[in-house]
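Please work through the exercises below with the sequence and the model open beside you, and try each task before reading its solution.

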Amino acid sequence: MKSKVYRGKRMLSAVLAMMMGTAALLSGCGGTPAGTSSGSGADSQKGGLAPAPAAQTASEPAAGTPVEIDFWYSLGGANGELIEAMTADFNASQDQVFVRPAYQGDYYTNHSKVLAAVAAGIQPDVTMIEVASVGAFADAGVIEPLSPYTQGAETGYIGGLMGNSYWKDELYAIPFNRSTPLLYVNKTLLKEAGKAPLEFWSRMIKEGIMKNPPGEKYNAWDVAKQDFVNGQAAMIFTSTGDLKGLKETAGFEVGTAFLPANKDYGAPTGGANLAVLAASSPEKKEAAWKFMQWMTAPEQTIRWSQGSGYMPVSKAGLESDTLKEAFVKDPNFKVAIDQPQYGKARPMVPGYKELQEVIMTEIQRVILGQATPDEALQAATDKANKLLRK
């Protein structure tokens, strides 16, 4: 029994370390508070479900009538506006499929709404799913296996981003707004302090002067980003998806770097994938795949990457002259592209969504002095074992 507890602690220690390194990642990938995006609809801005999609039927649509599908996404602000614009362009580019986009809040909120909508029979047809939750959605039968639709097209996506697309050797999701955390530095403050970024970072850790932002979940990382922009923090960890926004709002020179390494570099890959809902009709599933394929095609992934700061997901897009020129103009963006060679897929188990909450709570207890690391680790181990036995 003792050895089992030890192994559980060791496994959870690794997960805790990953969570501490990836918590910042979620903020840039999860969007901004509800109500900041355009065109999301009144119901979604009030926190309720988006309007129910039209009744689904397996019969063929009338000739010349596009198949209408609902797309729920989790990015607000400028990124949400870009998603709305891209969706509008998709609708205008052809007459077979018409997509209704709706902002549903951050990843946590959208996930809850999707599950509630599935239970109520009013689910969307395609949605964003935070990468570590793909396995849980797939295991529950909520999302559709994609191999029959892709017919091998998945080989066109960057291999390092596909780790969280599979569950039990079956393809369930396609990369879209994908990211990895970067170290962002206020070069102006560091020059004034007379330090190299890594030396300064090392001293901050040794002296215990790294600031823990108030709040929790996405709110905590919103505070960290605001402190950085206001010049109150010289360095923060956050998503590649924040690159464009931070550069535009900061009144100083912004730099980026790999996550600091001890012996070897390492970084989790995060963000969200696109998935098709299993309860949709065959026609809507086909339409959803056409939309997903268009949104992740080379031309669109270039547009999305340059407009948001998220990573390009298509091999052809990454090798394009357009992005190569962009890398020369903005070396910070090249850092975001280079770091994934050390990237690791997020862990995926059916209980990960709940386990993620447990881990964040225990980390918070340690930071607030409410528990020792050993106490928090044991509490997380006990709670995790119960979750994973379900």
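The exercises that follow concern a predicted model.

**Exercise 1.** Determine how helix 3 and helix 12 are oriented relative to each other, and which residues make the contact.

Solution. Begin with the geometry: helix 3, residues 77–93, and helix 12, residues 298–308, pack with their axes 10 Å apart and at an angle of about 160 degrees. Because angles over 145 degrees count as roughly antiparallel, helix 3 is roughly antiparallel to helix 12. The crossing in which helix 3 passes helix 12 is right-handed. Next, list the contact, to which helix 3 contributes N79, L82, I83, A85, M86 and D89, while helix 12 contributes Q300, R303, W304, G307 and S308. Sorted by character, the residues of this contact comprise five nonpolar, four polar and two charged.

**Exercise 2.** Establish which residues of helix 12 are buried, and what follows the helix.

Solution. The buried residues in helix 12 are Q300, T301, I302, W304, S305 and S308. Going on along the chain, one finds that helix 12 is followed by G309, which has a positive phi, near 100 degrees.

**Exercise 3.** Compare the span of helix 17 with the expected one, and then decide whether A371 is buried or exposed.

Solution. Helix 17, residues 373–389, has 17 residues and reaches 24 Å from its first C-alpha to its last, which is close to the 24 Å expected at 1.5 Å a residue. Its buried residues are A376, L377, A379, A380, T381, A384 and L387. A371 lies in the loop between helix 16 (352–367) and helix 17. Since the relative accessible area of A371 is 9%, which is under the 20% cut-off, A371 is buried. Apart from its neighbours within four places in sequence, A371 is in contact with R365, V366 and A376, and A376 is among the buried residues of helix 17.

Definitions and conventions: Residues numbered from 1 in each chain as written. Predicted model: local features only at pLDDT ≥ 70, side-chain atom pairs only at ≥ 80, totals over all residues. Heavy atoms only, no water. Axes fitted to C-alpha atoms, helices over the stretch in contact; angles between N-to-C directions. Helix = DSSP H or I, 4+ residues; strand = E, 2+ residues; numbered from the N terminus. Parallel < 35°, antiparallel > 145°, perpendicular 65-115°, else oblique. Left-handed = near helix turned anticlockwise from the far one by under 90°. Contact = heavy atoms within 4.5 Å. Nonpolar A, V, L, I, M, F, W, Y, C, P; charged D, E, K, R; others polar. Buried < 20%, exposed > 50% of the residue type's maximum accessible area, 1.4 Å probe, protein only. Expected span 1.5 Å × (residues − 1).
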